[in-house]
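Hi,

Here is the structure I promised to pass on to you. My notes on what turned up in it follow below.

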Amino acid sequence: MTDDQPQVPQPGAPDPQQSYGQQPYGSQPYGQQPYGAQQPSRPAYAPRPVRPPLTREARRGATVAGSVGFVLLSIGYAMVAVPLSILLLAAVLELVRSRGGQLPNGRPLGPRGLPDVVVPQGWTVPLIVISIVGLLGMVAAILVSWRILRAHAVRHPVGVTFAGAGIAIVGSLVAQGILSGFISAITSVSGGQGNIFGPGFWIAAVLGTLVTLAISAVIGWLSWWWMAHTMRPAGA
């Protein structure tokens, strides 16, 4: 073999004309897929399914449970809070009277003095009984709401009841703060300033009770419906 004959590179032998570290023309870098090769499939994006609205039966159940349940809960709370407040006031005044007309911090009582009777004689036990009945009424309101929601296929009846009651209590406090101003205005216009038990007092008491019950029913309906809508199932 003469030196003029071209040398044929052997298979697998390195090309002497190729510099060190340089990839041959047409070859792919290390780790890179050639063009047209099948790429690994990625999972398709699955959008979050939109939950359907409440059924007609569930809306009806939330409306009834909220209106009835919160009205009963409000009545029971009033039967608990009012007698206990009267008994607590009587206990504080009796303590002040036993200290010779001085407040617990040592300061003398104002010029009006202490009322002779805060709780009429023999009314202590009835007030305690009324408080116990009101407490049982609050428990009954929770059970009635749970039973109505469950009968109308509302999801999480216990959660809807307690969450709706919490929201309704906050809304009721705001509504009562607004309503108290109107009741005070009616009392003053009706001539209730001279006598605390005059016509203005009874008009304001009856009107305030009716309006409070109506507002409680509306607030309970909206709160229970909101929580039932929030906790509704993902599918029909």
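The secondary structure of the protein chain amounts to four helices and zero strands, so from the N terminus on the order of elements is simply α-α-α-α. Please keep in mind that this is a predicted model. Of the 236 residues in the chain, 21% are buried. The chain exposes about 17500 Å², with carbon and sulfur atoms supplying 66% of that area. If you look at contacts between residues at least 6 apart in sequence, 77% of them join residues at least 24 apart.

Now to the inside. The largest nonpolar core has 18 residues, and those touching the most other members are Phe 70, Leu 149, Val 154, Val 160, Trp 224 and Ala 228. Two or more residues each come from helix H1 (56-98), helix H2 (124-151), helix H3 (157-189) and helix H4 (199-230). H1 gives the most, with five residues.

Trp 224 is a nice one to click on: leaving aside residues up to four places away in sequence, its contacts include Ala 62, Phe 70, Ser 145, Leu 149, Val 160 and Gly 164.

You may also like the pockets. The largest has a volume of about 700 Å³. Its lining takes in 24 residues, and Ser 74, Tyr 77, Ala 78, Gln 176 and Thr 212 lie nearest the centre. H1, H3 and H4 are the elements that give two or more residues to this lining. By type, the lining residues are 17 nonpolar, seven polar and no charged.

Best wishes

Key:
Residues numbered from 1 in each chain as written. Predicted model: local features only at pLDDT ≥ 70, side-chain atom pairs only at ≥ 80, totals over all residues. Heavy atoms only, no water. Core = buried A, V, L, I, M, F, W, Y, C linked by side-chain atoms within 4.5 Å. Buried < 20%, exposed > 50% of the residue type's maximum accessible area, 1.4 Å probe, protein only. Contact = heavy atoms within 4.5 Å. 1 Å grid on protein atoms, 1.4 Å probe; cavity = no way out; pocket = protein on both sides within 12 Å on 5 of 7 lines; lining within 4 Å. Points joined across faces, edges and corners; volume = space filled by probe spheres on them. Nonpolar A, V, L, I, M, F, W, Y, C, P; charged D, E, K, R; others polar. Areas by Shrake-Rupley, 256 points an atom, 1.4 Å probe, with all protein chains shown as cover.
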